[in-house]
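Me: I would like to study the structure below through a short series of questions. Please reason through each answer and finish on the value or name requested.

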Amino acid sequence: MKKLTAAFISVMLAVICALSFTACNDKPDDKGETIECTGITFRATGYDEGKTWYLERGKTVTVVGTVAPANATVRELEWESDNDDITVEKSDTNKAKVTAYDYGKAKITVKCGKYETEIAVECVAAIKPTEIVVASPAMTVPVSERSLLDYAFVPENTTDKRLSFTVQAIGDASEDAVSVIEENGNYYVQVSALAEVGCQYVLNLSSVADSKVKAGINLTVGAQDVDEMTLRTDKITLSVNDPMYRVTASFKPDTTSYKQVDYTSDNPEVCGVDAIGTLTPLKAGTANITVTNSHKTSLKCVLEVTVTEDESEYVTRLIKKSDVDALQAVDYSIMDFEFDKVAFKAWNKVLSEDSNSASHISDAGWAMWLVGFDTYDDDGVNGGDANAAVYCKVNVPAAAKRMQYVFRAHPTPNDNAKFKILAIDGDYNVTDCTDGWRVTNNTVDMYFDIDVEKFAGTAVTFVVLQDQISNKAAGNYLKVSLMFRRCLFDTDTSERWINDEDYNILNLGN
């Protein structure tokens, strides 16, 4: 009886294990359904889909199988060769290594669930190419995109189909903007976001097996199309007393070459709009601002603007009274962001409504990193177009007379940024402590002292505004990063107050 019971238990365990194994391999979808494989495509060096794969004797090549459909739940591939001289060894769920030990032919059978297919392989002596034939002597690849290289070796059964490449920039084209990448036996031309539309290159292809076998392709950088355009909101309310507000669109892809838009107002007597999206609220009412992509006019967005004659909520650009009221005043004689992360968190962050997707304010480890920029920079005209700001309410020590701020531009040669420091008192009066916009001095640490004697013994909200520096003639809007390192009052006893004009915290020199 015990033997019978033990046998029954063994059978049941075997059945359970078998069912578990089957369930694991089938991997049902969320609905409990098993989706079978209906096709497999292969990628490997020297392999052309549907043709005999010629392998040089002694070579080992990895082949990758891609299962269709993409949502198939059965995806495990099993491999088998009918010739011991041409072996196949599974190396991953969808990969295997094929080794040609001796001359001959083999049929490699690949199974995925109920689906089965074959790869014809022939082991041959090295067959060198005599020619590389490109499908076209010229090609255009858009900015931030890549394109498959279309070429063929002569003879077709060349065993070593590897290529080497050189990219020759023509004229003022950037040498680093174009590259060739290899992926699963295929070669792609990659054009980076740094490439300029219309720039030209010569792409030289050479056989690795025989460097004398060459071909060339003339490459032109094309414009990247725009697929989608959106606004951050579709409704806003402005007061006629508000500071500047600018409508800015976002695009997909973000690297599209077509970010130019046109603005129109259906009620300009209530709210006008200029060529770069700056709104001018004139009187109470409603106006619809239509934003149309200049290249693809079918892409349109509408912003409904309600204008009131109420007192403005803004104390200054980007900062509202409610923002100031919500702050809890802190007691610090020094805020050093490299060593004091609590002080770092006391500063609030805000980006302008027209800053683009690359803008951010973050912890750089040793400083607060303000990076804000947009497409249409006004270089401080009409009150300044602050792109990013940080602000903090501080109890100014009763004995304080001066306050010092330390900045550094992003540590790249000739990379500058503009900054402005404001002080907002308890009655929302704003003092421009820097007397307009100032500019950081390349990569050198820069300190700036402000007078705070009139604020002594009171709670004051200090605001650091950042704005980009642009060279409109060169189309350069990249000099934007401001590294806010620390601030302190002259009452601080840490001996970190700077008096030396040549002082450099990081000792990088001038």
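Me: What percentage of the 510 residues in the chain is buried?
Reply: This is a predicted model, in which local features need pLDDT of at least 70 and side-chain atom pairs count only at pLDDT 80 or more, while totals for chains, interfaces and linings use all residues. Residues are numbered from 1 along each chain as its sequence is written, and side-chain values use heavy atoms, with hydrogens and water left out. Buried means under 20% relative accessible area, with exposed over 50% and partly exposed in between (1.4 Å probe, protein chains only). Of the 510 residues in the chain, the buried share is 41%.

Me: How many helices and strands does the chain have?
Reply: Helices (H or I, at least four residues) and strands (E, at least two) are DSSP runs, numbered from the N terminus. Counted in this way, the secondary structure comes to 3 helices and 42 strands.

Me: How many cavities of 30 Å³ or more are there?
Reply: On a 1 Å grid over the protein atoms alone, a cavity is a set of points where a 1.4 Å probe fits but cannot get out; a pocket is an open set with protein on both sides within 12 Å along at least five of seven lines; lining residues have an atom within 4 Å of a point. Grid points are joined across faces, edges and corners, and a volume is the space filled by probe spheres set on the points. The largest cavity holds about 70 Å³, and the second largest about 30 Å³. The count of such cavities is 2.

Me: How many charged residues does the lining of the second largest cavity have?
Reply: Ala, Val, Leu, Ile, Met, Phe, Trp, Tyr, Cys and Pro count as nonpolar, Asp, Glu, Lys and Arg as charged, and the others, Gly among them, as polar. The lining of the second largest cavity includes Tyr 332, Ser 333 and Phe 489. Its classes are 8 nonpolar and 1 polar, and the number of charged residues is none.

Me: Which element gives the most to the lining of the second largest pocket?
Reply: This pocket has a volume of about 410 Å³. Of its 19 lining residues, those closest to its centre are Tyr 47, Asp 48, Tyr 151, Lys 161 and Asn 186. Both β12 (151-154) and β15 (186-191) supply at least two lining residues. The largest share, 3 residues, comes from β12.
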